[in-house]
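Visitor: I would like to take a close look at a single part of this model, going slowly from the backbone pairing out to the side chains.

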Amino acid sequence: DFCLSRGLGDVYKRQGYYFIKGKTLPLRGNEHFQIAPCNTYRTKDEEYIMVIAHTQKHWENFCKALDRRDLLEDEKFRTNTLRLCNGQELNHRLQEIFAAKTRGEWLEALSSQGVMIAPVYNFEQLFQDPQVIHDQVVSEMEHPIAGTIKVLNTPIGLSKTPPRIKTPPPLLGQHTNEILLRFGFTEIEIQKFREMGVVGGK
C-alpha cells in the first residue's frame, strides 16, 4: 500500500515552515528558499543549467571553480544568509558569468571540480540522455488502435521480481461493463444504461 498524499518529502521543509509560522512561503521560481545560490541559469547556447552550493564549503569551491574570487570576497555574499538577502544581485552576476560559455562547457568544467551542476532538459533531450536510456525509463508496448506506443516505466526496480507494465492505456469506456458488474449491476441493467445514455463507450 502506497499513499501518494504522504509522499511529501520533497516539500517537507516548507511544511515545517507552515507548521511553525502558520503561513505559506512566497513563491521563488526555481530558487530555493533556504539556499543561495540554487537556481537555473541560461548559457551561451540558449540552454539552461541548474547549480546549487548548499553549504559554505560548496560555495567556496564553486567560486574557485569559476575562478571568481571577487564573489568569494564580496561581503554581500560572505554567508548563506547574506547570499539569500542579496539573491537578486547574486543571480544577476552569476547569469552574466554563465552566459559566456555553452551548457556543455560549463557541465564539463564545473562537474569535474565537484560543483553540483546539472543540465535542464526538454523532453527531446531528456529521453536521449544515456543514463535515461540505460535505466530503461521508457518502455514500448502494443496498443489495439495506436500500434506500438511508448510509456514511462515503473520507477520501482526489484532484482528478483522486476515489475512491468502489462496493459496499455484503456480505450474510452473499455472497462465500463467490468466495473459495473463488480458493483452488482447485471448485463441487462448495463445495457439499459447504455440505451438511456447513462454510460458510454463500448
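How many residues lie between β4 and β5 in the hairpin that they form?

Guide: Three residues lie between β4 and β5 in this hairpin, and, as the model is a predicted one, what follows describes computed features. Strand β4 covers residues 138–143, while strand β5 takes in residues 147–152. The two strands pair in the antiparallel sense, and six bridges are found along the pairing. Within this pairing, Val138 of β4 stands opposite Leu152 in β5, and it is worth following these two residues out to the surface.

Leu152 has a relative accessible area of 55%, and because exposed means over 50% on this scale, Leu152 counts as exposed. Both Val138 and Leu152 belong to a nonpolar surface patch of about 400 Å², to which Phe123 and Phe127 also contribute. The facing pair from the hairpin, Val138 and Leu152, thus shares the patch with two phenylalanines, Phe123 and Phe127.

For the interior, one can turn from the hairpin to the cavities, of which there are two with a volume of 30 Å³ or more. The largest of them has a volume of about 60 Å³. Its lining is made by 14 residues, and those closest to its centre are Glu31, Ala36, Pro37, Cys38 and Asn91. Strand β1 (38–42) and the helices α4 (80–85) and α5 (87–98) each supply at least two residues of that lining.

How values were computed:
Residues are numbered from 1 along each chain as its sequence is written. This is a predicted model: local features need pLDDT of at least 70, side-chain atom pairs count only at pLDDT 80 or more; totals for chains, interfaces and linings use all residues. Side-chain values use heavy atoms; hydrogens and water are left out. Patches are made of residues with over 30% relative accessible area and no salt bridge: like charges are joined within 9 Å, nonpolar side chains (Val, Leu, Ile, Met, Phe, Trp, Tyr) within 5 Å. Accessible areas come from the Shrake-Rupley method with a 1.4 Å probe; for residues, only the protein chains shown count as cover. A salt bridge is a side-chain nitrogen of Lys or Arg within 4 Å of a carboxyl oxygen of Asp or Glu. Helices (H or I, at least four residues) and strands (E, at least two) are DSSP runs, numbered from the N terminus. Buried means under 20% relative accessible area, exposed over 50%, partly exposed in between (1.4 Å probe, protein chains only). Two strands pair if DSSP finds at least two bridges between them. On a 1 Å grid over the protein atoms alone, a cavity is a set of points where a 1.4 Å probe fits but cannot get out, and a pocket is an open set with protein on both sides within 12 Å along at least five of seven lines; lining residues have an atom within 4 Å of a point. Grid points are joined across faces, edges and corners, and a volume is the space filled by probe spheres set on the points.
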